[in-house]
Amino acid sequence: MAEDLLIDRTLSKAQQYQALLPQIEALTTGETDLVANLANTMAALREAFNFFWVGAYLVKNDELVLGPFQGPVACTRIRRGKGVCGSSWAEARTLLVPDVEQFPGHIACSSASRSEIVVPVLKEGTVVMVLDVDSDQLDDFDETDQQYLEELARLMARWF
């Protein structure tokens, strides 16, 4: 069965998220495989917003391990508290970074990445993964991205 997203790029960013999130929920409802759901979610985000890089890092044995993603090759493992992803995990909060070069300890998985937003996914108060979105433009993410990616993180928490 083919799956298609309905994406209207004439809408505002908030309206695009409002249209996309129910589609992701419909796409993943009834599917019990975590990898399948994450893979389709990353593809949907990339297709809808043309993000430079979007992916999941899963908490496994006290480190973040690369999961499904869309974009250039990426760092495979990240320690707790290291870089933007590891810091988001350690602090259990969203980090919105307008210029990754200004973030202390930034891990340059791609030299083309310029700004980033990382959203933790919590299950029963524990971070189980982080959603990482990178842009090749400075200051490319804002409170709208944060609001809707945090909403998506709440949906993704149900898959764990």
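Okay, let me start with a question: which residues does S135 touch, not counting residues up to four places away in sequence? The list is F52, A112, S113, R114, S115, D140 and F141. Before I go on, keep in mind that this is a predicted model.

So, S135 itself. You'll find S135 in strand β6, and its relative accessibility is 3%, so S135 counts as buried. Its side chain makes a polar contact with the side chain of D140, at 2.6 Å. One of the other names in that contact list is F141, and I'll come back to F141 when we get to the rings.

Let's do the sheet next, since β6 is part of it. Six strands form an open sheet, and the order is β3-β2-β1-β6-β5-β4, with antiparallel pairing. At the edges you have β3, residues 77–79, and β4, residues 95–97, each of them pairing on one side only. From one strand to the next, the twist averages 25 degrees. If you look at β1 and β6, they pair in the antiparallel sense, over six bridges. To get your bearings there, find W53: it stands opposite D134 in β6.

While we're on β6, have a look at V128, which also sits in that strand. V128 has a relative accessible area of 17%, and the cut-off for buried is under 20%, so V128 is buried. Leaving out residues up to four places away in sequence, V128 touches L58, V59, V121, K123 and F160. For a sense of scale, take V128 and I24: they are 104 residues apart in sequence, and their C-alpha atoms are 19 Å apart in space.

Now the helices on the sheet. Helix α3, residues 83–91, lies across β1, β2, β3, β4, β5 and β6, and runs at about 35 degrees to β5. Helix α4 lies across β4, β5 and β6, at about 30 degrees to β5.

How much of α3 is buried? Seven of its nine residues are, so α3 is largely enclosed by the rest of the structure. The buried ones are G83, V84, C85, G86, S87, S88 and W89. And what covers them? The cover includes β1, β2, β3, β4, β5 and β6. W89 has something else going on: R80 lies over the face of W89, at 5.0 Å from the ring centre. Then, just after α3, comes A92, with a positive phi near 50 degrees.

On to the aromatics, which I like a lot here. The count comes to six aromatic pairs. One of them is Y17 with Y148, a stacked pair at 5.4 Å centre to centre, with 10 degrees between the planes. That pair links distant parts of the chain: Y17 is in helix α1, residues 13–28, and Y148 is in helix α4, residues 143–157, which puts them 131 residues apart. Are these two tyrosines buried or exposed? Y17 is at 0% relative accessibility, so it counts as buried, and Y148 is buried too, with a relative accessible area of 8%.

Next, F51 and F141, and this pair is tilted: 5.9 Å centre to centre, 55 degrees between the planes. F51 is in the loop between α2 and β1, while F141 is in the loop between β6 and α4, so the pair ties together parts that are 90 residues apart in sequence. F51 is buried, with a relative accessible area of 6%, and F141 counts as buried at 4%. Remember that F141 is also one of the residues S135 touches.

Put those together and you get a cluster: ring pairs link Y17, F49, F51, F141 and Y148.

Last stop, for contrast: L6, in the segment before α1. Buried or exposed? Here the relative accessibility is 68%, and exposed starts over 50%, so L6 counts as exposed. The C-alpha atoms of L6 and A19 are separated by 7.9 Å, with their positions 13 residues apart along the chain.

To recap: we have an open sheet of six strands, α3 largely enclosed, and a cluster of rings that takes in Y17 and Y148. Happy to rotate the model if anyone wants another look.

Methods:
Residues numbered from 1 in each chain as written. Predicted model: local features only at pLDDT ≥ 70, side-chain atom pairs only at ≥ 80, totals over all residues. Heavy atoms only, no water. Phe/Tyr/Trp six-rings, centres within 6.5 Å; stacked < 30°, edge-to-face > 60°. Helix = DSSP H or I, 4+ residues; strand = E, 2+ residues; numbered from the N terminus. Buried < 20%, exposed > 50% of the residue type's maximum accessible area, 1.4 Å probe, protein only. Lys NZ or Arg CZ within 6 Å of the ring centre and 35° of its normal. Polar contact = N/O pair within 3.5 Å; in protein donor to acceptor, adjacent residues only side chain to side chain. Contact = heavy atoms within 4.5 Å. Pairing = 2+ DSSP bridges. Axes fitted to C-alpha atoms, helices over the stretch in contact; angles between N-to-C directions.
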